[in-house]
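Student: Please take me through one part of this model closely. I would like to see how its strands pair and what packs around them, and then how that part sits in the rest of the chain.

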Amino acid sequence: MNKIIIIILLFFIGHFQVLANENCVNDILSSSNKTNVTLSKNKISKASQAFLFFDTSINMGGFINPPSSAYKLFVSELIKKTPLISKNQIFHTYISTPEPLSVNKIGGITTKHKFYECKGDVPQNQCHTRKAKFSKILNFLNIAPKDSLTIIVSDLFWEVNELAGDNRDKVEKPFVNALKKGEAIGIFGIQSLYEGKIFGICGTSAPYENAASRPFFVILVGNKDVILEFKHIMDEDIFSTIGIDKVEFNIFTNDIISTPYYAANWPSTTFDLSEGISKQNVLNEDRQDLIEFGVNREHEPLNISFDLNKVQTPHTILVSDFYTKTLTHQKRRDSGSCDKQWIKINERENIVFFKNQDLNNLDFDMFNTKRPDSLQFQRNKEYLFQIDFIARKIGKVIKYCQHSDQSSPNYNKIYDTDKGCSKDKEISKEDYIIIAEKTPERRLPSQVEKFWMQKDKWSFSCERSQAIMDAERPLFPVLNLDTFGALLIDIQETNFKETSVSQMNIAVRLNK
Amino acid sequence: MRFIKTIIWLLLVTVPFILFLVAVSFFDWDFIGQGNHISNIIFYILDQNPLLANELRYQNALDVLDFGIFYLLIYLTIFWLVINIIWITIGEFLNIDRPSKAINYIWLWSIFFIVCITGTLIMNYLILYLKDDIWHFIDKDVFRWKIQIFSFFYTAIYFYLCSIFTTSRVMRPAVPLLNIILRN
């Protein structure tokens, strides 16, 4: 009888010990729940009001001449689909100032030339000099009601001075304010058939008539989810007709990370289990919020990889310049208070290391004994690691490299890249500039992939305007679009704050 | 009666030697080293590798005390007493009736001396250096060159002092130099 009582007592003591241990792990991991909060935000599917502004400057008229231009298709669809993403719609046309347009007349935007004719007291021969003042329309963003959506359709044919000097502020500030209010800026660039004259290219008086195709742009400012919903609708209904290769889209927002991985909610492909590291039940509990590993004395690094596209808001610029902060707990006792059982090691940046970023693919490593500054851990103990993956910047990080393969014809030559130097030697920007100036023949073409607005297909400068017109390119790009693209990227980069990309909980036993 | 007196002498030598180690290890004596015993362990004994987390050092020091030094001192007390009692007992059973006979047993005393020292060093190694929870806290060089060398001399002095106070008069020539020391 006594034996039975002792066995029962031992069972309960053991059971309570497991419970106590589990509670401690729960307490420790509760700090990881901060990531979950960001996931529980309510998505808004409709804006309270949509304000639509159509650029009706003379150069826009050429978009409605072809029987089925992308412009006509898109604008018709835009007018039809805006009620799906907004409760109320208010239409305007604009050249220098916005003019209200009744719903009954909105169909004329894609059919009637009179919308694109000179209005008011402007002499007919001066008509072509009237360009749309984009910055004036952007002023509207400063007074737009909360939860509204502003949609601007334009060919972004800039006044020469509109993106320079003080005028740059007039374009920049409304966008900056929108981001600060928590709104997003979505921009579509769409190549459309064009039949018409393009006036006022870099001060030339003669119009250019040979463009068979030109881009137009749709800029949306408002709630991120509404903009993405609009993109989704247009993807399904219109972009397959226009051709995906003719459409570009980006969204600029401060809410960059939309679906971070957290706790143990990571895909199985995240870990590359190398020699000496294996899955192991470390805490002897069935936990869903932890990934558990055993690490032998002789081991290769634990490689952690994930795809940024899975965690970032779609169509945003990729974040970059990563590091990690890891909060560690070491198990010391099986009983006693939680802070006696698990000793806390404050957050460190030298436990999990950023290794490489190849576009959207990120690589980190842990337990890499070859890293001289890696924090060392005592063996024969269990650890809880709460790893926070953090991006310091947004946009490309340019690396400067020197070919180090002696058998390559490019040996010793230098190049800049956004994909890392791979096996080549990384050099400083200063060294790169010095080498490029002293021996220009050693400089290879840049391997940095340009933002779509900065590519020749989309943008040109006045210096190249004559060459473009002489070549009679059927596809006529946009003057100084690269400057506007750079401005948007600059706004995004300046307003970006260091942000947590994802969070991971792992339990590890460092075997003897 | 003479045996009990010898045991009392043995205790009178052993207790201060052990108490000194206990005091240095467990008491806060601010005039020693870093000001308290934990800081002393952290500073003088633990591994100073900067790549080990500082947050663990205090707990490591406590573990060295609780799972290492505590058991080591218990062992040393028992081991030292046992080895001396065996030496005393063997001395009694050797039937030595004159000092000239005792000098032939210097080798025996030397064996006890060596066993006492090596037993201490081996136990240091087992408890402070091999035991699961402690070995990785203690600096290798500190262990080899400070703890073991200190233990060697400390044990040697202890055993020799015990031999002075517990070896019977006829057996004293078996203890090297003892007759010369006592004659002066």
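Tutor: Start with S4(A) and its partner strand S6 (residues 213-222) of chain A. The two pair in the antiparallel sense, over five bridges. One point to fix the register is Val153(A), whose bridge partner in S6(A) is Val218(A). Keep in mind that this is a predicted model.

S4(A) also pairs with strand S1 (residues 49-55) of chain A. Here the strands run parallel, and six bridges join them. Phe51(A) has Thr150(A) of S4(A) as its bridge partner.

Now look at burial. S4 of chain A spans residues 148-154, and seven of its seven residues are buried. Ser148(A), Thr150(A), Ile152(A) and Ser154(A) point one way from the strand. Leu149(A), Ile151(A) and Val153(A) point the other way. Both sets are buried. Thr150(A), the partner of Phe51(A), therefore counts as buried, with 20 or more other C-beta atoms within 10 Å of its own.

Next comes helix H4 (residues 134-143) of chain A. Its buried residues include Phe134(A), Ile137(A), Leu138(A) and Leu141(A). Seen down the axis of H4(A), the buried residues fall within an arc of 105 degrees, so they line one face of the helix. The general rule is that an α-helix has 3.6 residues a turn, so residues three or four places apart point the same way. Asn142(A) and Ile143(A) are exposed, on the face of H4(A) turned away from the buried side.

What does the buried side of H4(A) pack against? Its buried residues pack against S1, S4 and S6 of chain A. They also pack against strand S2 (89-94), strand S3 (98-101) and helix H5 (165-180) of chain A. The three strands whose pairing opened this account are thus among the packing partners of H4(A).

Step back to the chain. Chain A has ten helices and 22 strands. Of its 512 residues, 37% are buried. Among contacts in chain A with a separation of 6 or more, 77% join residues 24 or more positions apart.

The chain is divided into domain 1 (49-255), domain 2 (258-396 + 498-510) and domain 3 (399-448). The C-alpha centres of domain 2 and domain 3 of chain A lie 33 Å apart. Four residues from domain 2 and four residues from domain 3 make the contact. On the domain 2 side, two residues are polar, two are charged and none is nonpolar.

For contrast, turn to other sheets of chain A. One is an open sheet of six strands, in the order S9-S10-S22-S16-S12-S13, with mixed pairing. Its edge strands are S9 (277-279) and S13 (342-348), each pairing on one side only. Neighbouring strands of this sheet are turned by 30 degrees against each other on average, direction ignored. Within the sheet, S16 (residues 381-394) and S22 (residues 499-510) of chain A pair in the antiparallel sense over eleven bridges. Lys381(A) has Leu510(A) of S22(A) as its bridge partner.

Ser500(A) is found in strand S22 of chain A. It counts as partly exposed, because it has 17 C-beta neighbours inside 10 Å. Leaving out residues up to four places away in sequence, Ser500(A) touches Pro260(A), Asp388(A), Phe389(A) and Ile390(A). Phe322(A) is 178 residues away along the chain, yet its C-alpha atom and that of Ser500(A) are separated by 9.6 Å.

Four strands form another open sheet, in the order S8-S11-S15-S14 (chain A), and the pairing is antiparallel. Here S8 (271-272) and S14 (352-358) are the edge strands. S8(A) and strand S11 (residues 302-307) of chain A pair over two bridges. Phe271(A) stands opposite Ile304(A) in S11(A).

Last, the partner chain. Twelve residues of chain A are in contact with nine residues of chain B. S13(A) gives the most to the chain A side, with four residues. By class, that side has three nonpolar, six polar and three charged residues. S13(A) is thus both an edge strand of the six-stranded sheet and the element that gives the most to the side touching chain B.

Definitions and conventions:
Residues are numbered from 1 along each chain as its sequence is written. Chains are lettered from A and ligands numbered from 1 in the order in which they are written. This is a predicted model: local features need pLDDT of at least 70, side-chain atom pairs count only at pLDDT 80 or more; totals for chains, interfaces and linings use all residues. Two strands pair if DSSP finds at least two bridges between them. Axes are lines fitted to C-alpha atoms, for helices over the stretch in contact, and angles run from 0 to 180 degrees between N-to-C directions. A residue is buried if 20 or more other C-beta atoms lie within 10 Å of its own, exposed if 12 or fewer, and partly exposed in between; C-beta atoms are placed from the backbone. Domain bounds come from an automatic or database domain assignment. Two residues are in contact if their C-beta atoms, placed from the backbone, lie within 7 Å. Ala, Val, Leu, Ile, Met, Phe, Trp, Tyr, Cys and Pro count as nonpolar, Asp, Glu, Lys and Arg as charged, and the others, Gly among them, as polar. The arc is that of the directions from the helix axis to the C-beta atoms.
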